[in-house]
Amino acid sequence: MKKRVFSGIRPTGKLHLGNYLGAVKQWLKLQDKYDCIYAVVDYHGITTPFDPQKMQQNILNVVLDYLALGLNPKKCSLIIQSHLPEHLELAWILGSVTSLAKLQHLPTFKEKVKLHPAYVNLGMLSYPVLMAADILIYKSNFVPVGKDQLPHIEFSREIARKFNRTFGKVFPEPKALLTRGARIMSLTDPEQKMSKSLGPQSYIALADSLKVIEAKIAKAVTDVGPRKGAKMSPGTANLFTLMQEFSDSKTLSYFKAKYKKGTIRYSEMKKALACDIAKAFEPFRKRRLELAKKPSYIKKILEEGAKKARKTAQETIKEVKKKIGLL
Ligand code: AMP
Ligand code: TRP
């Protein structure tokens, strides 16, 4: 039997370069080898401030991005988390083997509290329990995520161990599949990771046009002027990371050499980079436009994904309920 892979992204808008390089790029390769389930985790999306009016559009945006990037519904199941209430059922049960103190000490929780001090809610605290349920309900073996999610995966492993120890073995311990080195930083504040929450100028959406990409990169923070021998600033390093991903090796070494000599002109580098990023996603943008015209096709894919996933999810819930004496 093929090993199971699960991952998900919150519906906070269109996917950006960080989501692609840190997550979906890897998912694409995995779908050929494993039994993959990829989700839009909308219940996670309501743990931080959100606009109910925009929720459906945001969910659709992520699904369109998934499909246009090449996630293939013939090879993997695409699901919307809230279409499968079994996730919540398991999360509640796992809550009873979860340490409250550990939840409160997770760095991801502390960061969110800092970011949204007026929105600290129970869902924000138990976010990792629901994430563990997402993963464990399908008895997933691998979870491809960015580095920032590692504490959550470790937490899921702990919950699985604790459940197995207490009630008898049900869950495998899921392993994170890390994308090496791909932490993309914000264009406006390169000390922080690229994220939709830092404002539209800080990230490049995969669906952005050349014009938009050019404008955003033109304003990206670099350094006041390259100084010979000084350490590369985070903003400049971020642009070089992107260049390594999207430009050819000739372009990359041309600008690297200029940087070393201290003669680099960032405006020239930024133009080249914007062009290469836009070019890389040109077929994606075309496919996305086509898909957006076919809402019934999208609906069908999600229904089929949910149907397949539901079978496994219900089997797991049954097994879990038996173990804890609820059946
Ligand atoms: P999020 O948008 O925070 O739900 O993230 C979805 C996925 O993209 C997760 O696997 C993250 O690790 C990954 N991700 C988000 N932002 C970045 C970033 N700036 N660099 C690398 N990976 C990221
Ligand atoms: N917490 C993840 C993030 O912010 C999203 C997520 C929710 C997830 N459930 C998951 C990722 C299960 C992997 C597996 O990116």
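The centres of domain 1 and domain 2, taken over C-alpha atoms, are separated by 31 Å in this structure, which is a predicted model. Domain 1 is made up of two stretches of the protein chain, 4-184 and 295-324, while domain 2 covers 196-283. The points below take up the contact between these domains, then the salt bridges, and then one of the pockets.

**Where the domains meet**

- The contact draws on 14 residues from domain 1 and on 13 residues from domain 2.
- Between them the two domains bury about 1,200 Å², and 71% of this area lies on carbon and sulfur atoms.
- On the side of domain 1, the residues that lose the most area to domain 2 are His16, Leu17 and Ile184, which together account for 42% of what that side buries.
- Between domain 1 and domain 2 the count is one salt bridge.

**Salt bridges**

- For the structure as a whole, the count comes to 17 salt bridges.
- One of these joins the side chains of Lys321 and Glu89, with a distance of 3.2 Å from N to O.
- This pair links distant parts of the chain, since Lys321 belongs to helix α14 (residues 295-323) and Glu89 to helix α4, with their positions 232 residues apart in the numbering.
- The side chains of Lys25 and Glu245 also meet in a salt bridge, here at 3.0 Å from N to O.

**The second largest pocket**

- The second largest pocket holds about 430 Å³ of space.
- Its lining consists of 20 residues, and those that lie nearest the centre of the pocket are Ala91, Trp92, Leu122, Ser126 and Val129.
- Four helices, namely α2 (42-45), α4 (86-95), α5 (100-105) and α7 (122-136), each supply at least two residues of this lining.
- Of the contributors to the lining, α7 gives the most, with seven residues.
- Sorted by character, the lining residues of the second largest pocket comprise twelve nonpolar and eight polar residues, with no charged residue among them.
- Helix α4 therefore appears in two of these topics, as it supplies lining residues to the second largest pocket and also carries Glu89, the partner of Lys321 in a salt bridge.

Terms used: Residues are numbered from 1 along each chain as its sequence is written. Chains are lettered from A and ligands numbered from 1 in the order in which they are written. This is a predicted model: local features need pLDDT of at least 70, side-chain atom pairs count only at pLDDT 80 or more; totals for chains, interfaces and linings use all residues. Side-chain values use heavy atoms; hydrogens and water are left out. On a 1 Å grid over the protein atoms alone, a cavity is a set of points where a 1.4 Å probe fits but cannot get out, and a pocket is an open set with protein on both sides within 12 Å along at least five of seven lines; lining residues have an atom within 4 Å of a point. Grid points are joined across faces, edges and corners, and a volume is the space filled by probe spheres set on the points. Ala, Val, Leu, Ile, Met, Phe, Trp, Tyr, Cys and Pro count as nonpolar, Asp, Glu, Lys and Arg as charged, and the others, Gly among them, as polar. Domain bounds come from an automatic or database domain assignment. Contact means heavy atoms within 4.5 Å. Buried area is the accessible area (1.4 Å probe) that two parts lose on being put together, summed over both. A salt bridge is a side-chain nitrogen of Lys or Arg within 4 Å of a carboxyl oxygen of Asp or Glu.
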